[in-house]
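Dear colleague,

Please find the structure below, handed over for your own inspection. My notes on it follow directly after.

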Amino acid sequence: MSEKTITDGLFALKDENYRRFHAKLIPDIPIDNIIGVRTPVLRKYAKEVAKLPEANIFLESLPHIYYEENNLHGALLSLLYPKDIIAVSYTHLRAHETLM
């Protein structure tokens with residue numbers, strides 16, 4: 001599984017009605033950048049992705065395009081143990097600073 005496959009997995013979980021609803025809640029994000037994955041479904045998917053070696057590649061490839069990719073990123077970080085967080089490099093943390 002690659003980073004693209006992880007994103008494809010998000011698209012497989014898409015809920016079009018939720019996408020339209022959620023786009024109204026966050027008008028600053030274009031609807032084209034919202035997939036429409038409900039949070040409980042995304043968290044369950046994060047648990048599956050966290051077991052894959054490609055999860056680290058996904059975490060290191062910034063910036064993400066889709067809103068749900070950013071949410072998945074946060075969910076994956078919350079699932080990592082402290083020793084794994086150290087493996088997420090200083091460069092990774094610096095990349096987040098440049099996005100603000």
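Histidine 73 is a convenient place to begin: this residue lies in helix H5, which covers residues 67–79. Please bear in mind throughout that the model is predicted. With a relative accessibility of 3%, histidine 73 counts as buried, because buried means under 20%. Its C-alpha atom is separated by 9.0 Å from that of alanine 55, although the two residues are 18 apart along the chain.

As to the overall architecture, the protein has seven helices and zero strands. Read from the N terminus on, the elements therefore run α-α-α-α-α-α-α. Of the 100 residues in the protein, 31% are buried.

Helix H5 itself has 13 residues, and the distance from its first C-alpha to its last is 19 Å, close to the 18 Å expected at 1.5 Å a residue. Its buried residues are Glu68, Glu69, Leu72, His73, Ala75 and Leu76. Two glutamates, Glu68 and Glu69, are thus listed among the buried residues of H5.

Helix H3 spans residues 39–50 and has 12 residues. From first C-alpha to last, H3 reaches 16 Å, close to the 16 Å expected at 1.5 Å a residue. Which residues of H3 are buried? They are Leu42, Tyr45, Ala46 and Val49. These residues lie on the same side of H3, because the arc they cover around the axis is only 110 degrees. In general, an α-helix has 3.6 residues a turn, so residues three or four places apart point the same way. The face of H3 turned away from the buried side carries exposed residues, namely Pro40, Arg43, Lys44 and Lys47.

The two helices just described also meet. The axes of H3 and H5 come within 9 Å and cross at roughly 60 degrees. That angle makes H3 oblique to H5. The crossing in which H3 passes H5 is right-handed.

I turn next to the aromatic residues. The structure holds two aromatic pairs. One of them is formed by phenylalanine 11 and tyrosine 66, which are edge-to-face, at 5.1 Å centre to centre and with 90 degrees between the planes. This pair links distant parts of the chain, its members being 55 residues apart: phenylalanine 11 belongs to helix H1 (residues 3–12), whereas tyrosine 66 sits in the loop between helix H4 (54–60) and H5. Phenylalanine 11 has a relative accessible area of 33% and is partly exposed.

The pair of tyrosine 18 and phenylalanine 21 is tilted, because the planes of the rings stand at 45 degrees, with the centres 6.2 Å apart. Both residues belong to helix H2 (residues 16–25), and, being three residues apart there, they are separated by about one helical turn. Tyrosine 18 counts as buried at 13% relative accessibility, whereas phenylalanine 21 is partly exposed, with a relative accessible area of 45%.

One point of backbone geometry remains. Leucine 62 and proline 63 are joined by a cis peptide bond, with omega at about -5 degrees. Most peptide bonds are trans. Proline 63 lies in the loop between H4 and H5, and tyrosine 66 of the edge-to-face pair is likewise placed in the loop between those helices.

With kind regards

How values were computed: Residues are numbered from 1 along each chain as its sequence is written. This is a predicted model: local features need pLDDT of at least 70, side-chain atom pairs count only at pLDDT 80 or more; totals for chains, interfaces and linings use all residues. Side-chain values use heavy atoms; hydrogens and water are left out. Helices (H or I, at least four residues) and strands (E, at least two) are DSSP runs, numbered from the N terminus. Buried means under 20% relative accessible area, exposed over 50%, partly exposed in between (1.4 Å probe, protein chains only). Rings of Phe, Tyr and Trp (its six-membered ring) pair if their centres lie within 6.5 Å; planes under 30 degrees apart count as stacked, over 60 as edge-to-face and the rest as tilted. The expected span of a helix is 1.5 Å times one less than its number of residues. The arc is that of the directions from the helix axis to the C-beta atoms. Axes are lines fitted to C-alpha atoms, for helices over the stretch in contact, and angles run from 0 to 180 degrees between N-to-C directions. Angles under 35 degrees count as roughly parallel, over 145 as roughly antiparallel, 65 to 115 as roughly perpendicular and the rest as oblique. A crossing is left-handed if the near helix is turned anticlockwise from the far one by less than a right angle, and right-handed if clockwise.
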